[in-house]
Amino acid sequence: MSPTKQKILLLLLGGLTFGYSYIPGRQWRVIKETVKAWKRINEKELQKQINILYRSKLIDKKYNSDGSCSIVLTEKGKIKTLRYKFSEMKIKNDIWDGKWRMVIFDIPEKIRRGRNALRWKIKELGFHELQKSVFIFPYECKDEIEFIVEYFGLKKYVRYGILNFIDNDIHLRKIFDLK
């Protein structure tokens, strides 16, 4: 997929993200980034790629009551975009706030592939495995975890929490190279 197509799909997903953002600061950040990214796309290339995306059924046209037309992601487009975003995902390692983020899951054997995929992805992101289904990480990652859990369809089996204290803090600080 061309970089322009990927950008178009991600920008459309950005609109979807805006709709699900309840925090005004986060909404403003989504708007600013989306506007900047749209401005960096060549208009001729944009039109060409939109036509290709439309023919491939990744986007659709929606006619509004005021006579205008909107471009929206189809379900197929959302899946493709999420796949792209998923493979590029990283968690920002800012200054540690002294809190630990914990992901706990109990996923039935019948969906073992989802459980293994979840375990693989959070390890790839840098989480430390405390026990078979308990992982810990020192930096803010709630949005990323929600995205991963949603991506694999495991929401009812996974819990996310923030700890102020854990008894093996010194050991974990060494693992994550924290002072």
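This passage walks through the fold of a predicted model, from the overall layout down to single residues.

Start with the big picture. The protein has 179 residues, and 34% of them count as buried. Its secondary structure comes to seven helices and six strands. Going along the sequence, these elements turn up in the pattern α-α-α-β-β-α-β-α-β-β-α-β-α. Taking contacts between residues at least 6 apart in sequence, 68% join residues at least 24 apart. The exposed surface adds up to about 12200 Å², with carbon and sulfur atoms supplying 54% of that area.

Helix 3 is a handy place to zoom in. Spanning residues 43–55, this helix has 13 residues, and the distance from its first C-alpha to its last is 18 Å, close to the 18 Å expected at 1.5 Å a residue. Which residues of helix 3 are buried? They are Leu46, Gln49, Ile50 and Leu53. These four sit on the same side of helix 3, because they cover an arc of only 110 degrees around the axis. The spacing fits a general rule: an α-helix has 3.6 residues a turn, so residues three or four places apart point the same way. On the face of helix 3 turned away from the buried side, the exposed residues Lys44 and Arg55 are found. Just after the helix comes Lys57, with a positive phi of about 65 degrees.

Next along the chain is a hairpin. Strand 1 (residues 59–63) and strand 2 (residues 69–73) are antiparallel and share five bridges. One of the matched pairs is Asp60 with Val72, the latter in strand 2. Five residues lie between the two strands of this hairpin, and Gly67 takes a positive phi near 95 degrees there.

The other sheet to look at is an open one, made of four strands in the order 4-5-3-6 with antiparallel pairing. Strand 4 (128–131) and strand 6 (158–163) are the edge strands, each pairing on one side only. From one strand to the next, the twist averages 25 degrees. As general background, strands of a sheet pair through backbone hydrogen bonds, either parallel or antiparallel.

Strand 3 has partners on two sides of this sheet. Its residues, 100–105, are joined by four bridges to strand 5 (residues 134–137), and the two run antiparallel. Ile104, for instance, has Val134 of strand 5 as its bridge partner. With strand 6, strand 3 pairs over six bridges, again in the antiparallel sense. Strand 3 is also mostly covered, with five of its six residues buried.

Val103 shows what this looks like at the level of a single residue. This valine belongs to strand 3 and stands opposite Tyr160 in strand 6 as well as Phe135 in strand 5. Is Val103 buried or exposed? Buried means under 20% relative accessible area, and Val103 comes in at 1%, so it counts as buried. Leaving out residues up to four places away in sequence, Val103 touches Ile122, Phe127, Ser133, Val134, Phe135, Ile145, Val158, Arg159 and Tyr160. Val103 and Phe137 are 34 residues apart in sequence, yet their C-alpha atoms are 8.5 Å apart in space.

Helix 5 lies across strand 3, strand 4, strand 5 and strand 6, and runs at about 165 degrees to strand 3. Within helix 5 (residues 112–124) sits Lys121. Why does Lys121 count as buried? Its relative accessibility is just 1%, and that is why this lysine gets the label. Setting aside neighbours within four places in sequence, Lys121 is in contact with Phe86, Ser87, Met89, Ile148 and Phe152.

A last stop comes in the segment after helix 7 (169–175), where Asp177 is located. The phi of Asp177 is near 55 degrees, a positive value in a residue other than glycine. How does Asp177 rate for exposure, and what is its relative accessible area? The cut-off for exposed is over 50%, and Asp177 has 60%, so it is exposed.

Conventions. Residues are numbered from 1 along each chain as its sequence is written. This is a predicted model: local features need pLDDT of at least 70, side-chain atom pairs count only at pLDDT 80 or more; totals for chains, interfaces and linings use all residues. Side-chain values use heavy atoms; hydrogens and water are left out. Buried means under 20% relative accessible area, exposed over 50%, partly exposed in between (1.4 Å probe, protein chains only). Contact means heavy atoms within 4.5 Å. Accessible areas come from the Shrake-Rupley method with a 1.4 Å probe; for residues, only the protein chains shown count as cover. Two strands pair if DSSP finds at least two bridges between them. Axes are lines fitted to C-alpha atoms, for helices over the stretch in contact, and angles run from 0 to 180 degrees between N-to-C directions. The expected span of a helix is 1.5 Å times one less than its number of residues. The arc is that of the directions from the helix axis to the C-beta atoms.
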